[in-house]
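Please walk me through this structure in plain terms. I would like to know how its strands are arranged, what its core is made of, and where side chains and open space are found.

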Amino acid sequence: MRLCAERRAGIEASHTGAHGLGQKSPDTSAIPLCAKHHRTGKDSYHKLGPRKFSQVHGLDIPEIVRKLNRKPIIRIEAGLFVGYIEHEQFVLGNIGNGIVPAVQKMIKLRMENSSG
């Protein structure tokens with residue numbers, strides 16, 4: 001079953017990892033959910049809790065988190081495009097050079113990373 005599959009807007013980051021009182025878990029533990037499945041619905045993650053939510057919706061949340069973290073991402077940090085593949089960090093270039101060279105470099109890195 002795919003939750004929120006028909007949704008393209010209004011998606012929220014549901015933080016699924018361990019956290020302290022008044023603290024959220026890291027962004028690397030988040031899964032995308034619509035507001036209904038994240039916090040407002042009767043069968044939401046916040047209302048049911050992680051274990052029951054997983055059971056009701058037939059989800060393996062740790063596996064979803066692992067798959068999402070394998071996807072490459074590009075962030076802007078201190079004026080640089082920085083790429084992440086799994087837990088490796090790559091400086092892709094200065095933002096003054098534009099996003100295209102950074103994306104091209106990331107594609108090349110991703111292909112090298114997946115072949116070896």
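Phe81 stands opposite Gly93 in strand 5, and this pair is a convenient place to enter the structure. The model is a predicted one. Strand 4 covers residues 80-85 and strand 5 covers residues 88-94; the two pair in the antiparallel sense over six bridges. Another contact between these strands is that of Ile85, whose bridge partner in strand 5 is Glu88. The two strands form a hairpin with two residues between them, and Glu86 in the turn has a positive phi of about 55 degrees.

His87 is also placed in the loop between strand 4 and strand 5. Is His87 buried or exposed? Its relative accessible area is 72%, so His87 is exposed. Along the chain His87 is 59 residues apart from Thr28, yet the C-alpha atoms of the two are separated by 9.9 Å.

Strand 4 has a partner in strand 3 as well. Strand 3 and strand 4 run antiparallel and are joined by five bridges. One of the pairs is Ile73 with Tyr84 in strand 4. Another is Glu77, whose bridge partner in strand 4 is Leu80. Strand 3 and strand 4 also form a hairpin with two residues between them, and here Ala78 in the turn has a positive phi of about 55 degrees. Strand 4 thus pairs with strand 3 and with strand 5. Five of the six residues of strand 4 are buried, so this strand is largely enclosed by the rest of the structure.

Strand 5 also contains Asn94. With a relative accessible area of 40%, Asn94 is partly exposed, because that value lies between the 20% limit for buried and the 50% limit for exposed. The C-alpha atoms of Asn94 and Ala78 are separated by 9.2 Å, and the two residues are 16 residues apart along the chain.

The next topic is the nonpolar interior. The largest nonpolar core has nine residues in all: Cys4, Ile31, Leu33, Cys34, Tyr45, Phe53, Leu59, Ile61 and Val65. Strand 2 (30-34) and helix 4 each supply at least two residues of this core. Strand 2 gives the most, with three residues.

Charged side chains come next. Side chains of opposite charge can pair when their charged atoms come close. How many salt bridges does a search of the whole structure find? The search finds two. In one of them the side chains of Glu12 and Arg39 meet, at 2.6 Å from N to O. This pair links distant parts of the chain, since Glu12 is in strand 1 (residues 11-15) and Arg39 is in helix 1 (residues 35-40), 27 residues apart. Arg39 counts as partly exposed because its relative accessibility is 40%.

A salt bridge also joins the side chains of Glu63 and Arg66, at 3.0 Å from N to O. Glu63 and Arg66 both lie in helix 4 and are three residues apart, about one turn of the helix. Glu63 has 25% relative accessibility and so counts as partly exposed. Arg66 counts as partly exposed too, because its relative accessibility is 43%.

The last topic is open space. Rolling a probe the size of a water molecule over the atoms shows where empty space is left. The second largest pocket has a volume of about 260 Å³. Which residues line the second largest pocket? The lining consists of Asp27, Thr28, Ala30, Leu68, Asn69, Lys71, Ile73, Arg75, Tyr84, Glu86 and His87. By class, there are four nonpolar, three polar and four charged residues in this lining. Helix 4 (61-70) and strand 3 (73-77) each supply at least two of the lining residues.

Several residues of this lining have appeared above. Ile73 and Tyr84, both in the lining, are the bridge partners that help join strand 3 to strand 4. Glu86, another lining residue, is in the turn between strand 4 and strand 5. His87 and Thr28 belong to the lining too, and theirs are the C-alpha atoms separated by 9.9 Å.

Key: Residues are numbered from 1 along each chain as its sequence is written. This is a predicted model: local features need pLDDT of at least 70, side-chain atom pairs count only at pLDDT 80 or more; totals for chains, interfaces and linings use all residues. Side-chain values use heavy atoms; hydrogens and water are left out. On a 1 Å grid over the protein atoms alone, a cavity is a set of points where a 1.4 Å probe fits but cannot get out, and a pocket is an open set with protein on both sides within 12 Å along at least five of seven lines; lining residues have an atom within 4 Å of a point. Grid points are joined across faces, edges and corners, and a volume is the space filled by probe spheres set on the points. Helices (H or I, at least four residues) and strands (E, at least two) are DSSP runs, numbered from the N terminus. Ala, Val, Leu, Ile, Met, Phe, Trp, Tyr, Cys and Pro count as nonpolar, Asp, Glu, Lys and Arg as charged, and the others, Gly among them, as polar. Two strands pair if DSSP finds at least two bridges between them. A salt bridge is a side-chain nitrogen of Lys or Arg within 4 Å of a carboxyl oxygen of Asp or Glu. Buried means under 20% relative accessible area, exposed over 50%, partly exposed in between (1.4 Å probe, protein chains only). A nonpolar core is a set of buried Ala, Val, Leu, Ile, Met, Phe, Trp, Tyr and Cys residues joined through side-chain atoms within 4.5 Å.
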